Amino acid sequence: MIWQTLYDNLPFLMHGTWVALQLLAALLALGLVLGLTLALGQVYGPWPARLGGWAFERVFRGVPAVVLLLLFYYGVTDFVALSSFLAAVLALGLRSAAYQSQIFRGAIQSVPAGQMQAARAIGMGRWQAIRTIVLPQAARHAIGPWTNEFSSELKATSLAYVIGVVELTRQAKYIVSNTQGNILIVFGVVALIYFIVNRLGNAVLYRVEARLAVPGFERRSP
Amino acid sequence: MEFLDFAGEHLPFILEGVPVTLGLWILAISFGFVFGLVLAWCRIYAPTPLYLLATGYIEIFRGTPMLVQMFFIYLGLPEVGIVLDPFTSAVVAIGLNTSAYQAEYFRAALLSVPQGQMQAARAMGMGQTQALIHVILPQALRRVLPQWSNEAILELKFTSIAFAIGVSEITARAEQVGYRTFEFFDVFLLVALVYLVLTGVVAEVLQWVERRVHVPGVTTTGAAAG
Amino acid sequence: MTKSDEEVLRVEDLHKRYGDHAVLRGVSLTLTRGEAKVVMGSSGTGKSTLLRCINHLSPPDAGRVLLEGQPLTPATLNAMRRHIAFVFQDFNLFTHLKVIDNVRLGQRRILKRSKAAATERAMQELERVGLADRAHYYPAQLSGGQQQRASIARALAMDPKVILFDEPTSALDPELTGEVVTVMKQLASEGMTMLVVSHEVGFARTAADEIVFMDGGTIVEQGPPSTLFANPAHERTRAFLKVITHQESA
């Protein structure tokens, strides 16, 4: 009975997982581009960039994800039409940018100043030195914390439930409503799916970290 | 001006949710503190079966979303006869979740206390538990405080998830105002400001505590967590 | 406390191995009341392990330790350790406690003394090691020599029947060893029963009743300092003494 229910609903769960993964990929990508820009601005930019970055981080790290989702979906759609999915990408993506900016800023600052000086001394421009010398090293510092960020954003995608994105958690809620029961088993299975995706994602990122490892940037002990 | 009028009219109603939010938060992180310590103890000192149980617990609660855990407890547990009201469900869900994170911070902090401290306590004639209470824990807790504060503030923001199961905290009240006035942007902007102030004040308080209990030579375990 | 032939500590045939390496291979010794015994020997000969086995910080593989005739067993361990104080090489003062609270903790929690009694006694012992004015400092605010003297005060406040010193000066800068040695000499002259692992020749010569020389996990020679320093019987003792007395005069 339970298994039949699960089997019948498997396509919905798979579709929900797919939507969650799309949301995750989009928000992480937005967070990556914007977060890196903010971090570079805060480390190398003029004071307005530093102040702006600081304020952005403050705001988007200080407001709960749920409130950001509601603000971007119900609030912003007062002015422009946004699908709930797009609102979720923006809300969670901007929030992730604040967290990623902090990760990248720390990583860039942990590259010794001598590296930049050495690059400039052999005649590189500032931007060229950042791109070819500083960022490759910073990436190796950042990958560990970034793996944590991946995990917490995967879990945050479930919050898009509150604005009606039909991702994994909402699919589960639909199934529970339609079948009048099996709540524990359905949410148990959903939890398992998140758990597996998280593990797989972490495994891939550990692999990347191992690939990037060069002497002096050894892998963290697990 | 329009926003200020709006805020003046609806802020009191939203602020009535502050005691609920703070109550939920304090109960959940206190529960997480106690249970997190127990889990950390299991991970370091307990025999293998308990170690495995604690490890599995931590993996599961850190590997799955809090909202799913909350639905599991609020909607699912009645199937096996455990019926909890929304507020209690939220306390249990957030408490169980944060205990898994706190446990890992506590474990690292306990292990970071130099071994000589335990040896000196044992050499004096203290039992292991006595040494843990009087010597190891006071140092470990001071070392972990900055990370613990981060975790506590994170959980303060997570209390807003309880709105999804109908707890009448700040976010839920804001949504009610939204449906009454249809000024969604204003009301959620307002509640965002409320959270900014709330997390700002809590951060100040926790930093004050950090300064208060600071002891020269007992420093943090490492870089603050993100 | 006065010297007598009454036996305080008796160590019988201690054995300890770490993996393949036999660190202690049958060590026996006794301390009578008021006796100060110094254990010497090159590094890696098991001196520190001996001390750690005596109060079972590292449980011995075989052999017995008796305090006033009572054997240390897992059941009696905590009750008996309070009578065997231990002074560590790296002090191990409780980092989160002020000096006075370091000296009070064991008195309060183990001996169950009243706060007033513990405070009075703590100040008395801090006075004795010359640290009364540092009572309300934290360990991190003290020099190494001061920390070690504070840890000696912590040991004394427990009314130990014997104090074990594990290389108490070897983690100190040379200019700070003197203040610790002075305190230890004073204790010896007041009749404290002590077993000291140390290379402090000055202390050994003037304050020790007997020198024990260890090599390869056993005791190869023991006797009063006058005899042992002037006329060592064993080849290894001669070689070792030559090195450390040379270092001392250098």
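Residues 65-94 of chain A are 73% helix and 0% strand, and the C-alpha atoms at the two ends of this span lie 10 Å apart. The structure shown is a predicted model. A second span of chain A, residues 179-197, is 84% helix and 0% strand, with its end C-alpha atoms 26 Å apart. Both spans carry the feature "transmembrane region" in UniProt, where the entry is unreviewed.

From here the text turns to how the chains meet. There are 2 pairs of chains in contact, and chains A and B share the most contacts. Chain A and chain C are joined by no contact, and their closest C-alpha atoms lie 26 Å apart.

The contact between chains A and B takes 33 residues from chain A and 32 residues from chain B. On the side of chain A that touches chain B, at least two residues each come from α2 (47-62), α3 (65-75), α4 (84-109), α6 (126-156), α7 (168-179) and α8 (183-212) of chain A. Helix α8(A) gives the most to this side, with 9 residues. Sorted by class, the residues of the side of chain A that touches chain B are 23 nonpolar, 7 polar and 3 charged.

Chain B, the partner in this contact, has 9 helices and 0 strands. Read from the N terminus on, its elements run α-α-α-α-α-α-α-α-α. Along the principal axes, the C-alpha atoms of chain B fill a box of roughly 70 × 45 × 25 Å. Chain B has 226 residues, and 47% of them count as buried. Take the contacts in chain B between residues at least 6 apart in sequence: 77% of these join residues at least 24 apart.

How confident is the predictor about chain B? The mean pLDDT of chain B is 93, and 96% of its residues reach 70 or more. Among its elements, helix α2 (residues 18-44) of chain B has the highest mean pLDDT, 97, and helix α1 (residues 2-15) of chain B has the lowest, 91. Over residues 222-226 of chain B, pLDDT stays under 50, and the model has 10 contacts beyond four places in sequence for them. Where pLDDT is low, the predicted coordinates should not be read in detail.

Chain C is described through its domains. The domain assignment divides chain C into domain 1, made of residues 18-83 + 161-249, and domain 2, made of residues 93-160. The C-alpha centres of domain 1 of chain C and domain 2 of chain C are 24 Å apart. Where these two domains meet, 13 residues of domain 1 of chain C are in contact with 12 residues of domain 2 of chain C. Strand β7 (162-166) and helix α6 (174-189) of chain C each supply at least two residues of the side of domain 1 that touches domain 2. The largest share of that side, 4 residues, comes from α6(C). By class, the side of domain 1 of chain C that touches domain 2 of chain C holds 8 nonpolar, 1 polar and 4 charged residues.

One helix of chain C remains to be described. Is helix α1 (residues 47-54) of chain C largely enclosed or exposed, and why? This helix is largely enclosed by the rest of the structure, because 8 of its 8 residues are buried. The buried residues of α1(C) are K47(C), S48(C), T49(C), L50(C), L51(C), R52(C), C53(C) and I54(C). Just after α1(C), H56(C) takes a positive phi of about 60 degrees.

Note on methods: Residues numbered from 1 in each chain as written. Chains lettered and ligands numbered in written order. Predicted model: local features only at pLDDT ≥ 70, side-chain atom pairs only at ≥ 80, totals over all residues. UniProt positions renumbered as here; feature names shortened; annotations may be inferred. Buried ≥ 20, exposed ≤ 12 C-beta atoms within 10 Å, placed from the backbone. Contact = placed C-beta atoms within 7 Å. Nonpolar A, V, L, I, M, F, W, Y, C, P; charged D, E, K, R; others polar. Domains from an automatic or database assignment. pLDDT = per-residue confidence, 0-100.
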